Amino acid sequence: MARKQTSTKSKASSGGKPNGTTVADKTSGKSGLELSNVCKGYGDEWAREEVLIDLSLSILPGELTAVVGPSGCGKSALVNLIAGFELPDSGEILIDGSPVTGPGKDRLVVFQESALVPWQTAYQNVVFGPKLRRDMSPAQIKEEADKLFETVGLVEFKDKYPLQLSGGMQRRAELARAMINQPKLMIMDEPFRGLDAMSRELMQEFFLRLFEKNRRTNLFVTSEIEEAIFLADRLVVLSNKPAHVRKVIDIKLERPRDFHMLSSTQAYEYKREAMEILHEEALKGFKSTDSQSDFVEAFSTQND
Amino acid sequence: MSDQAISSVEAGKAGEVRAAPKGIMLAWYRFKKSLATPDPYLMVFGIFLWLGTYYLLTEGWKVPRFEKIPGPVEVITEFFSRDPIWGTSLFTEDFHTNVYVSCQRILISFGLATGLGVPLGLFMGWSRKFKDYAFPILETLRPIPILAWVPLAIVMFSGFETPIIFLATLASFFVTTLNTLLGVESIDESYFRAAGCLGSKKHHVFWHVVVPGAMPFVFTGLQISIGVAWFSLVAAEMISGDFGLGYMIMDSYMVNKYVSMVMAMISLGFVGWITSAMVRWAGNRMMQWRVKALALEGR
Ligand SMILES: Nc1ncnc2c1ncn2[C@@H]1O[C@H](COP(=O)(O)OP(=O)(O)OP(=O)(O)O)[C@@H](O)[C@H]1O
Ligand SMILES: [Mg+2]
């Protein structure tokens, strides 16, 4: 059912070219992603913990799909599966029609924790991928990197080591490192977590401009609903652990986006809808542990 | 007053423009800066306190049990004497030979241990299968005290030189291998993942993640391992040796030349200190990212 819908939509967006062939990939440079009935659990048989259950989701080429869900519901687990660091127990993950078997340069992950390697300078970190793969000429690499450092505002810091940079600077350097590879699918796991409100807003705006310029397929995991609504074309709300898709909301705010759109009634409706589901899921999470029933009671009476 | 303030501001500005000092000048700059901290004074005070106690125990009050030990005045005069009473000083040839031979042996043993131990540790950390093969043997051999190897070394190798080098190498090899292995295992999984995402092949991961990521542990290991190399070298030289500082200690003891014995001990202390400082220096040279980020400069 879901797959059918994807193929028709992506056909329309890639100009009628057959979906999933190399021709389409090369011309559009954007990937579609299809998850069907993905299950994943951790632990031994006697201490089994299911994290993802029957998760089906399709991500359309050129769209930004935001994923929100209660903390600890399995968002990072989902990212690991799509990135290919781990394999699903059952179900399928298809990128442009071919299954994911391991990490690859067509999918780039910006991690929840900073993963710049500390023994390379910011610049060396950014050019690491293209330099290894030798798919760009040295002059081209340098030009691209310089342009990116300009964009992320780190020109003076490019010869510093990551540990010498502030948290926000590290995040920006990491964005630059992901972008230089021009991935067909970019996966971002709470990339702005831990930034203060001001830099977070700046980063969101910065990231949004980049996305609107290139329109590379993006999966953006976050725990902030407003951030998700501000950035996304589609908002996927996950359930509590074990996670499955509770609802997919199409965000029909026009692009280019602007912060004041967040105060429109439309945006408010999206937020209310998502919050309702999340609240419900959060309560389930507390009930299932049973130990915090007092807290849950207090919380629900307060919110009624 | 205000003039002074202005000139100091100007001096500050001039200081910013001035190029960063290099080499000796940098060391001199650091030394001058350190004079403003209590560290050098405490160091000097510590040395004098130690020497004073040593002097009072031996030559000053001649405390029982310490009276037989040569005191600092006696040792130092003998050390710097061109015509030593006991036949050995900084200017005699046999002293030079002993220091030279020991240093040469350390160089060979430490070099061998590092050249074998670091790659072995890296491979063991990198390849699960290789670790499964190699680790049990390593873990069984490692706890055997180095002195227990002495007879075997003498049986296995002929002459003086090879058994001694074998023993020193063995001890330091185990330390280096284990620390390197721990170093690889300490590397955060996310760096491997990041490298994988960027399209690295296995050998890229080895050279760009495994090797640099293990470096901090490797150098901590090397500092311990050079200490262990000295320890086993001296033990081996004392048991079976023809030259070397360990031999000098044992030999002087046998013929009751206690002053020469203490001189050899002090020399060992100094040479050992210099070698570990050299290892530390090499480590800082190779890990500028760490030096800069953790502000370890000048240490
Ligand atoms: N490698 C693993 N082994 C065992 N359990 C794991 C593993 N990875 C994740 N889990 C479990 O899966 C669940 C979901 O973890 P995950 O990190 O995906 O959550 P998350 O939604 O990303 O949370 P957060 O919003 O806090 O980042 C957790 O309960 C965790 O205990
Ligand atoms: Mg997470």
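A pocket, as the word is used here, is an open set of grid points where a 1.4 Å probe fits, with protein on both sides within 12 Å along at least five of seven lines, and a residue belongs to its lining if it has an atom within 4 Å of a point. With that in mind, and remembering that the structure above is a predicted model, we can begin in chain B and then turn to chain A.

The second largest pocket has a volume of about 570 Å³. Its lining is made up of 20 residues, and those that lie nearest the centre of the pocket are B:W50, B:L51, B:F79, B:I266 and B:F270. Four helices of chain B, namely α3 (39-60), α4 (72-79), α5 (93-126) and α12 (258-286), each supply at least two residues of this lining. Among the contributors, α12(B) gives the most, with seven residues. What is the character of the residues that line the second largest pocket, when they are divided into nonpolar, polar and charged? In this lining 18 residues are nonpolar and two are polar, while none is charged.

In chain A, the place to look is the surroundings of ligand 1. There are 14 residues around this ligand, and the ones that come nearest are A:G72, A:K75, A:S76, A:A77 and A:K241. Several contacts involve oxygen atoms of the ligand: a polar backbone atom of A:A77 is 2.8 Å from one such oxygen, a backbone N or O atom of A:C73 lies 3.2 Å from an oxygen atom of the ligand, and A:E49 takes part through a polar side-chain atom at 3.5 Å from an oxygen. Taken on its own, ligand 1 has 630 Å² of accessible area, of which the protein covers 65%. Two elements of chain A, β2 (49-59) and α3 (75-83), give two or more residues to the shell around the ligand, and α3(A) gives the most, with three residues. Sorted by character, the shell around ligand 1 holds four nonpolar, five polar and five charged residues.

Finally, chain A offers a hairpin to follow by eye. Strand β9 (residues 234-238) and strand β10 (residues 245-250) of chain A run antiparallel and are joined by five bridges. Where the two strands face each other, A:R234 stands opposite A:D250 in β10(A). Between β9(A) and β10(A) there are six residues, and the two strands together form the hairpin.

Notes
Residues numbered from 1 in each chain as written. Chains lettered and ligands numbered in written order. Predicted model: local features only at pLDDT ≥ 70, side-chain atom pairs only at ≥ 80, totals over all residues. Heavy atoms only, no water. Pairing = 2+ DSSP bridges. Near = heavy atom within 4 Å. Polar contact = N/O pair within 3.5 Å; in protein donor to acceptor, adjacent residues only side chain to side chain. Areas by Shrake-Rupley, 256 points an atom, 1.4 Å probe, with all protein chains shown as cover. Nonpolar A, V, L, I, M, F, W, Y, C, P; charged D, E, K, R; others polar. 1 Å grid on protein atoms, 1.4 Å probe; cavity = no way out; pocket = protein on both sides within 12 Å on 5 of 7 lines; lining within 4 Å. Points joined across faces, edges and corners; volume = space filled by probe spheres on them.
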